[in-house]
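Work through the exercises below with the sequence and the coordinates at hand, and compare each of your steps with the solution that follows it.

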Amino acid sequence: MARTHPEGWHLLPAEGARRRELATLARLAAALPEDTTIYHGLHWTRAEGSTAVFGAVDFAVVGPGGRVLLVEQQAGFLDETPAGLMRPGKRRAAQLSVELARNADALRARLRPLLEDTEPLLDVLLHCPDHVVRQPGTAGLDPSRIVDAGRRDELPAIVAALTRPQEGDPALDAARRQALHRFFADLLELVPDVQSHIGQVDELTTRLSGGLTEWARRITVAPHRLRVTATAGSGKTQLALAAYTDALAAGRRPLYVCYNRPLADHFARIAPAGGEIATFHQLCDRRLRDAGRKPAFGAPGAFRRMEADFTALVASHPTAAWQFDELIIDEGQDFMEPWRDALLALLKPSGRAWWLEDPLQNLYDRPPVALPGWVGLTADTNYRTPADVIALLNACLPLPTPVRAGSPVSDSEPEILAWRDEAGLMDATKRAITRALGLGFRRDAIVLLTFRGREHSRFTPLDHLGPHRLRAFTGRYDLLGEPEHSQGELLIDSVYRFKGQSAPCILFTEIDFEVMDGRMGELTLRKLFVGATRATTKLILVASERAAAALAPVTDAG
């Protein structure tokens, strides 16, 4: 049986095309010899001049002698045209031979420096299990490199033949084998996306190309104090999950702390058992109750008093039950300096600490926390948000520095709908919902975000918007601590609460501002940035006419 990476692929829930890919992976893994390695789900970014080129391939099979076969699987039917086999698309068809050749050339270019003077032995194969190619000679590919529906049972044998060592192949020594493995392993990173909307997490994965999760964990510093300042969608919370999991695997006890309750709840659902997961205020409450000091939440200034009591308690009464080997602080831009000191008091002398933050997501306008002596790491590439949405933000917002686009989605076509008054706001928002549904998004893949906070939003009193029932947070939690929502089918939330999460389609409504100058302008910029970067596939902005005027020049829709 062949080796596979990632090893836990059989545990991944899947449907549709992903399910078909995993079925093919199972067949290949069972049929190919044990000295063959299959890498599943490869995504990468490569710079070409001033532009970024994105690539993806379903499988890379590395044979015992180092031959590499890229296998692209295309389920469903294909179009056979004079130009070759085409993948039907919503806006434009994609020529498969061109895509395969581009991907092969990109990987050859990246492999050459690793293999020194040896030319990579790399080939391509198209697997179309549902389509019989009627005219192989005009497909744009060597017919021997196409396994269609008529030959799908032969796929493992064909893959084995194409990856078998040939006479004259250079010897595959241990160093070259290790270089190949590290190269392909770095191109795939399958970790649960903790920023995805609750209920979607078991269906979605975030694939980061050589990203934060891998490299931040390779940094060695003593004592381990690492401050990661990284933009939205760069993988901060994925890094938190990996650090948390690493700690448990090594027998260390981790503590994960963030600011937003939805993110803490979400992280707790997907993190392995063990350790402690809480918002800062949940942590205060738990520690004080453990000491027999129940906070009085109904009293004026209850949260400030709870923070002070917690800080004093952990400083004066350290206990083994509340000491941790790994401290992971997510959403660090929302924390304050006294909280820093209280959290570090919970860390063992030999413990490791991570501080993950993004100043552009500082929606509470808090001053940055000083971390003297900490090693800093920055990341400015957003792998989650469509590239054309990032281009829109770079063009229309006065960002301190441009954000780099790392998503392979580049043609999502962000749209803007303008409104003049409250009636126009409601009408434009309903049109945005209709538009999203018309594009094929299910209701559970759409999130309606409000620019205003929950207390001030015009949508808070509503349980319906046209024919659509809204699913909103009620402000209450059940006996198990789970947030309670109204009985609706379309999630609506504020940009404040949804920070740290994402969804395939974001309808960002109630946007209104005059200018982005001064302190209020800075907060407006951050809210726009946070709301827009929640989208993984489609973004529709519903803005007042004066706000739309600042955004419309760089959009095509109106």
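**Exercise 1.** Determine how many disulfides this predicted model holds, and classify Cys 128 and Cys 396 as buried or exposed.

*Solution.* The criterion to apply is a pair of cysteine sulfur atoms within 2.5 Å, and by this rule the count comes to 0 disulfides. For the second part, the cut-off for a buried residue is under 20% relative accessible area. Cys 128 has a relative accessible area of 0%, so this residue is buried. Cys 396 has a relative accessibility of 14%, and therefore Cys 396 also counts as buried.

**Exercise 2.** Describe how strand β4 is covered, and identify its pairing with β8.

*Solution.* Begin with the extent of the strand: β4 covers residues 68-73, and 6 of its 6 residues are buried. Next, sort the side chains by direction, which places Val 68, Leu 70 and Glu 72 on one side and Leu 69, Val 71 and Gln 73 on the other, with all of them buried. Finally, turn to the partner strand: β8 (residues 122-128) pairs with β4 in the parallel sense over 6 bridges, and Leu 125 in β8 stands opposite Val 71.

**Exercise 3.** Characterise the second largest pocket by its volume and its lining.

*Solution.* The space in this pocket is about 710 Å³. Its lining consists of 21 residues, and those nearest the centre are Tyr 259, Arg 261, Phe 473, Tyr 477 and Arg 497. Two or more lining residues come from each of α7 (261-270), α8 (280-290), α9 (302-316) and β23 (468-477). Sorted by character, the lining comprises 9 nonpolar, 7 polar and 5 charged residues.

How values were computed:
Residues are numbered from 1 along each chain as its sequence is written. This is a predicted model: local features need pLDDT of at least 70, side-chain atom pairs count only at pLDDT 80 or more; totals for chains, interfaces and linings use all residues. Side-chain values use heavy atoms; hydrogens and water are left out. On a 1 Å grid over the protein atoms alone, a cavity is a set of points where a 1.4 Å probe fits but cannot get out, and a pocket is an open set with protein on both sides within 12 Å along at least five of seven lines; lining residues have an atom within 4 Å of a point. Grid points are joined across faces, edges and corners, and a volume is the space filled by probe spheres set on the points. Helices (H or I, at least four residues) and strands (E, at least two) are DSSP runs, numbered from the N terminus. Ala, Val, Leu, Ile, Met, Phe, Trp, Tyr, Cys and Pro count as nonpolar, Asp, Glu, Lys and Arg as charged, and the others, Gly among them, as polar. Buried means under 20% relative accessible area, exposed over 50%, partly exposed in between (1.4 Å probe, protein chains only). Two strands pair if DSSP finds at least two bridges between them.
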